[in-house]
Amino acid sequence: MVSTNLIKQYAFFKGFSEAELKKFEELTSEQSFKAGFQIWKKGDQSKSLCLLEEGKVVMVMESYLGAHRPPMQVTVDIITKGDVMGWSAVVEPYVYTLGARCIDDTKVIAFDAVKLREILNADKALGFKFMHAIAKVIATRLTHTEIILVGERGLSVLTEL
Amino acid sequence: MFIQEVELFQGIPSHIIDEIAELITQESHKAGHVLFRDNDFADYLYILEEGEINLTVPGDKRLSFPVVTTGSVFGWSSLVEPRRYTAASECVRDSKIIKIDADRLMRVFQTHPVEGLTIMRRLAGVIATRLLKSYKEIVVSKK
């Protein structure tokens, strides 16, 4: 279990009251992964929403290269300290849309996906606030991705780790 | 077109739909009309009623998202901080749109959090769909 004092330091939880944060405390755990470890694959049932405490994670999408050739894993996003990852935990159909692989030793605060959804369903006002924050996370990632796609430096941004 | 037919608002009780309907403005625009520009303050959520809209992310390489399906929602930046449109929006053909005052819509959601949660979940799904399209563009660009 992770204390509310730690959780409230993350920008994602700005605007949440102490009482609201307390509701999340019981479904949190700290988890550590070695560099190179794949935390989840695309298509896995979503088990947790994570706040990145330390390290770096790349989000990867598989690219089909044709018959008899293994698919290529393409980095489409990079998650760094303070970021939220695994929003599929609260967005239907609750299945990860990308793979997540650590490129540095990584530590996360993980929120159990099933219990999280139960809390959001039980307290609709809190659920609304939380989903509003999730929409912001996804929108920010979209803006970042589109800037990469249209930018002069283009995809090189994703390879300069 | 009735607002409750829009996927975002399907299943929402009629008394709340009535509240949302009070926030709506229907407009018709000629091809070439710009509804909003990239980085404009995002004050309205838009729904396509008829016609075709193009969303364009400006930059060295142009990135476009056509809006062609009746009931499609765009301009969702109006409901998410920092409330700046992330793309420009232009009518490709003569088009009819519905626009909803985003400040007042958020107040309706806060007054009715059960429905607010339902709609915010769907909205997150709408944004996530566009994010996945952008990720696929990255994969295609790298091939």
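Leaving aside residues up to four places away in sequence, B:Ala31 touches B:Cys91, B:Val92, B:Arg93 and B:Asp94, in what is a predicted model. B:Ala31 itself sits in the loop that joins β1 to β2 (34-36) of chain B. Is this residue buried or exposed? Because 12 other C-beta atoms lie within 10 Å of its own, and a residue with 12 or fewer such neighbours is taken as exposed, B:Ala31 counts as exposed. Its C-alpha atom is separated by 26 Å from that of B:Glu7, a residue 24 positions away along the chain.

From this loop one can step back to the chain that carries it. Chain B contains three helices and eight strands, and, read from the N terminus, these elements follow one another as α-β-β-β-β-β-β-β-β-α-α. The radius of gyration of chain B is 15 Å, close to the 15 Å that the globule rule gives for 143 residues, and chain B is therefore as compact as a globular protein of that length. Along the principal axes, the C-alpha atoms of chain B fill a box of roughly 50 × 30 × 25 Å. Of its 143 residues, 38% count as buried, and among the contacts in chain B with a separation of 6 or more, 74% are made by residues 24 or more positions apart.

The strands of chain B include four that form an open sheet with antiparallel pairing, in the order β1-β8-β3-β6. The edges of this sheet are taken by β1 (24-29) and β6 (73-74) of chain B, each of which pairs on one side only. Within the sheet, strand β3 (residues 44-50) of chain B is joined to strand β8 (residues 95-101) of chain B by six bridges in the antiparallel sense, and B:Tyr44 has B:Asp101 in β8(B) as its bridge partner.

Chain A also has an open sheet of four strands, here in the order β2-β7-β4-β5 and again with antiparallel pairing. Its edge strands are β2 (38-40) and β5 (72-79) of chain A, each pairing on one side only, and neighbouring strands of this sheet are turned by 35° against each other on average, direction ignored. At one edge, β2(A) pairs in the antiparallel sense with strand β7 (residues 99-102) of chain A over two bridges, where A:Gln38 finds its bridge partner in A:Arg101 of β7(A).

It is on this sheet that a helix of the other chain can be placed: α3(B) lies across β4 (57-63) and β5 of chain A, and runs at about 130° to β5(A). How many residues of each chain take part in the contact between them? On the side of chain B there are 34 residues, in contact with 29 residues of chain A. The largest share of the side of chain B that touches chain A, 21 residues, is supplied by helix α3 (residues 113-142) of chain B. In terms of residue class, this side of chain B divides into 18 nonpolar, seven polar and nine charged residues.

A last stop is helix α3 (residues 113-122) of chain A, in which A:Arg117 has its place. A:Arg117 has 16 C-beta neighbours inside 10 Å, a count between the limits of 12 or fewer for exposed and 20 or more for buried, so A:Arg117 counts as partly exposed. The C-alpha atoms of A:Arg117 and A:Ala89 are separated by 8.0 Å, while 28 residues set the two apart along the chain.

How values were computed: Residues numbered from 1 in each chain as written. Chains lettered and ligands numbered in written order. Predicted model: local features only at pLDDT ≥ 70, side-chain atom pairs only at ≥ 80, totals over all residues. Rg over C-alpha atoms; globule rule 2.2 N^0.38 Å. Contact = placed C-beta atoms within 7 Å. Pairing = 2+ DSSP bridges. Nonpolar A, V, L, I, M, F, W, Y, C, P; charged D, E, K, R; others polar. Axes fitted to C-alpha atoms, helices over the stretch in contact; angles between N-to-C directions.
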